[in-house]
Amino acid sequence: LNRHYFALPTNPGEQFFMFCTLAAWLITKAGHPFEQPQEYDDPNATISNVLSELRSFGRPVDFPPSKLKAGYGEQACYVLDCLAEEALKYTGFSWKRPAYPTEELEEEEITEDDAELTLNKLEEDVVEEESDNEENFIDLNALKAQTYRSDINDSARQEEILQSTTDAAEWNLEVERVLPQLKVTVRTDNKDWRIHVDQMHQHKDGIESSLKETRGYLDKLHNEISRTLEKINSREKYINNQLEHLVQEYRSAQALLSEAKEKYQEGSGGVTERIRVLSEITEVLERVKQETEERGSSMTDGAPLVKIKQALTKLKQETIQMDIQIGVMEHTLLQSKLKEKSDMTRDMHATMIPESTVGAY
C-alpha cells in the first residue's frame, strides 16, 4: 500500500476490504482480540465493531458509520491513525533521536577590495604559481616529516657546526627565490563567526544608508496621509451636520418598517393557520362529494334491474323447455301404455280353448 492509498478513491470495494483488514490487525496489535473480517461479511456489522473498539480506546467518533463504507477519505484515515497510535502505545514503541548526516563544507570566495591583502587572494596567487611551476611544489606534510627526521639525526650526533660560513647575500637570494613557495594557504570556513559578524556590519551599514534616503519619503507620505485624514474627518462632520434631519427621518421610517414587518409576520401566521384549516375542510368536502356521487350512481344505476329482467327471461325459456320435455315424456308414457294394452288384448283374443275339453264338462 502506498501512503496515499486511503486518501484517494481508486477501487471502493478493494479499499473497504483492505481498510477492514488493516483495522482488525491494528486492533489485535493493540491488545484487543478481534476476528479477521471476511470478504462477504456484512459491512455494517464490521464497521460497527471497529467503531465500538475505537470508542473503547477512548477515541471520539463524531461522524456517521456510513462514511467508512467507501473505504477512503478523512474518516478512514482518522480511524487508522488512532488505531495505529494505540497499537504503538501497547507495544511500547518509542521514537529515537534523529541521526543527521554530516554536511561537507563548501568553499565560497569572498571578494574584497584590491587594496587589502586577504587570505583568499593569497590562495589564488599560490594556485596560479603552482600551475606555472608544478615541479617546484612543496608538500608541507612531507616537509614536516623531513624536518622531524633531520632533527632526530641532528640530535643523535654532536654539534659540529658552531659558526656559520654561509654568505649573507647568497642566503638572501635563496630566500627570495623560494619565498613564493613558502606561502601558507589557509582555507576560510564559511561558518566562522567572524565572517558572520562582518556580514552583519555590512548589512547594518546598508540598512542605515537606505533608511536615510527613505526616511524623507516616508515622512512626506505620513504628512500627506495625515492631511487627507483631517480632510476626511472635516467632510464627515459637515455631511453629518447637513444630513442630520434626513438621518432622523430614515430612523423613523426604519422603525415604522420594523413595526410593519412584525404586523405582517403576525398576519402571515394567521393566514397560514386559516389556509391549513381550509385545506382540511376542502379534504373533508371532497370526501363527502365522492361518497355522495357513489351513492347517487348506485341509486340511479339500472344495471340490477336489467339483470333481473334477463334472469326472468332465462327462467321463462327454461320453463318452456321443461314443459316441452314434460309433454314429450307424457306422450311417450301414453304411447307405451296404449301399446301395452293392445298387446294384452291381442294375447287374450289369441288364446283358444280346446273343444274336447269343453264337451267333457
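Here is a short chat about charged side chains in this predicted model.

Mentor: Quick ground rules: in this predicted model, local features need pLDDT of at least 70 and side-chain atom pairs count only at pLDDT 80 or more, while totals for chains, interfaces and linings use all residues. Residues are numbered from 1 along each chain as its sequence is written, and side-chain values use heavy atoms, with hydrogens and water left out.

Trainee: How many salt bridges does the structure hold?

Mentor: Side chains of opposite charge can pair when their charged atoms come close. For a salt bridge, a side-chain nitrogen of Lys or Arg must be within 4 Å of a carboxyl oxygen of Asp or Glu. The structure's count is 6.

Trainee: Which side chain meets Arg276 in a salt bridge at 2.3 Å, N to O?

Mentor: Look in helix α8 (helices are DSSP runs of H or I, at least four residues, numbered from the N terminus). The partner sits 3 residues from Arg276 there, so about one helical turn separates the two. That partner is Glu273.

Trainee: And what is the N to O distance between Arg276 and Glu280?

Mentor: These two are 4 residues apart in helix α8, so again they are separated by about one helical turn. Their side chains meet in a salt bridge, at 2.8 Å.

Trainee: Is Glu293 buried or exposed?

Mentor: Buried means under 20% relative accessible area, exposed over 50%, and partly exposed in between (1.4 Å probe, protein chains only). Glu293 lies in helix α8, residues 244-300. Its relative accessible area is 57%, so Glu293 is exposed.
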